[in-house]
Amino acid sequence: MIKKIVLSFLLAAVSCSLFASEVSEKKIKVISEIVRWEYNKVVSPGRKVQRWQIYKNLNDPKIKSAIYAQVTKKAAPFETKAKQVGISPQARKNIALRIRKRFPYKNSGDIAMGAVAEAEKAYPLVQKGDDVTIRYYRGGVPARVSGVVQSVRENGRCYEVGNQLVRVSEIRESDRKYFDPDLNESLRQKFINEFQVNLPKLKRDYTNYLNAEELEKVVVNEKNGYIFFQGKWVTAKFVTDQLMKYYLNVTRNRHAAEKNFVQGGKKSAPKKK
């Protein structure tokens, strides 16, 4: 692992799901458990009906009614008429400034140069003088060496660190991209191409991330019964309906698979004489 070289990957935070506050996360978890439990009660084809399996089919309105009642009781007010608090004008200005700072490109030439700079940050290549720790295998035995790179030999195929010579082929595969010049160049070029093609989406995702980050601070919405879900403030009803759609599809797929299994078993069963 490289020590004093900062390995920054483009918009790592954006690739993660948008954060929700701790209170909203708990409410979403409770609603999810309620919905999943109710749909798990639905009787599956080919199985003996148990007493606790009280619902006949997926379209039974009792399922939705039971879910709504449980959500209102255990999670949050089902609907709220309180006015939402949005992002302040000053916060929006700050967001705009952060976006311009993160993506300062004004034309295609700027974008191309920016892509090269981003690629170098994402995939730095270890040079003479860098302070590193190299993890490698020699004779199938794991080893490591730390120190300043004294020299880079054989066109980047061998690194001298301290009193140890380590070949790129010996370096742990996950770290090799920072030492192997050919692999490094290949990954940089791929990064550059993807960066230029996906720049509008990256910029949009970053904007959404900053907006969600700001909205998360507006805890007054939570006090008024709203839940921070998928980057915005919504009612418990909205969260419930979205999760019901998801678990409804899960249940339908499960039923279809079990039905095919049961029918296939009946067809393949030998006939009694």
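Me: Buried means under 20% relative accessible area, exposed means over 50%, and partly exposed is what lies in between (1.4 Å probe, protein chains only). Why, then, is arginine 167 called partly exposed?

Reply: Arginine 167 has a relative accessibility of 38%. That value falls between the 20% and 50% limits, so arginine 167 counts as partly exposed. A word on the source: this is a predicted model, in which local features need pLDDT of at least 70 and side-chain atom pairs count only at pLDDT 80 or more, while totals for chains, interfaces and linings use all residues. Residues are numbered from 1 along each chain as its sequence is written, and side-chain values use heavy atoms, with hydrogens and water left out.

Me: Thanks! What makes arginine 167 and glutamate 154 a salt bridge?

Reply: A salt bridge is a side-chain nitrogen of Lys or Arg within 4 Å of a carboxyl oxygen of Asp or Glu. In this pair the closest N and O atoms are 2.6 Å apart, so the pair meets the 4 Å limit. Glutamate 154 is in the loop between S2 and S3 and arginine 167 is in strand S4 (residues 164–167), so the bridge ties together parts 13 residues apart in sequence. Glutamate 154, at 44%, is partly exposed. The structure holds 10 salt bridges.

Me: What makes the phi of glutamate 154 worth a remark?

Reply: Phi of glutamate 154 is near 50°, a positive value in a residue other than glycine. Asparagine 155 is not a glycine and has a positive phi too, of about 55°. Asparagine 155 also has its place in the loop between S2 and S3. At 75% relative accessibility, asparagine 155 is over the 50% limit and therefore counts as exposed.

Me: How do you know that aspartate 182 and arginine 157 are bridged?

Reply: Their side chains come to 2.3 Å, N to O, and that is within 4 Å, so the name fits. Aspartate 182 lies in helix H6 (residues 181–215) and arginine 157 in the loop between S2 and S3, so this pair ties together parts 25 residues apart in sequence. Aspartate 182 is exposed at 51%, whereas arginine 157 is partly exposed at 31%.

Me: Why does the pair of aspartate 175 and arginine 172 count as a salt bridge?

Reply: The N to O distance there is 3.8 Å, and the limit is 4 Å, so the pair qualifies. Aspartate 175, at 5% relative accessibility, is buried, while arginine 172 is partly exposed at 26%. Both residues belong to a network of salt bridges that also includes Arg135.

Me: How do you know that glutamate 222 has no salt bridge?

Reply: Lys and Arg count as positive and Asp and Glu as negative, with His and the chain ends not counted. The nearest side chain of opposite charge is lysine 27, 6.0 Å away, and a salt bridge needs 4 Å, so none is assigned. Glutamate 222, which is buried, lies in helix H7 (residues 220–223).

Me: What makes the meeting of glutamate 222 and serine 24 a polar contact?

Reply: A polar contact is a pair of N or O atoms within 3.5 Å; within protein, one must be able to donate a hydrogen and the other to accept it, and residues adjacent in sequence count only if both atoms are side-chain atoms. The two side chains are 2.4 Å apart in this contact, so the distance satisfies the limit.

Me: Serine 24 is one of the buried residues of H2. How do you know that the buried residues of H2 are on the same side?

Reply: Among them are Ile28, Ile31, Val35 and Tyr39. The buried residues cover an arc of only 160° (taken from the directions from the helix axis to the C-beta atoms), which puts them on the same side of H2. Glu22, Lys26 and Lys29 are exposed on the other side.

Me: What makes the largest nonpolar core a core?

Reply: A nonpolar core is a set of buried Ala, Val, Leu, Ile, Met, Phe, Trp, Tyr and Cys residues joined through side-chain atoms within 4.5 Å. The largest has 19 residues, and Ile31, Val35 and Tyr39 are among those with the most contacts inside it. H8 gives the most to this core, with 6 residues. A second, separate core of 16 residues includes Tyr105 and Phe191.

Note on methods: Helices (H or I, at least four residues) and strands (E, at least two) are DSSP runs, numbered from the N terminus.
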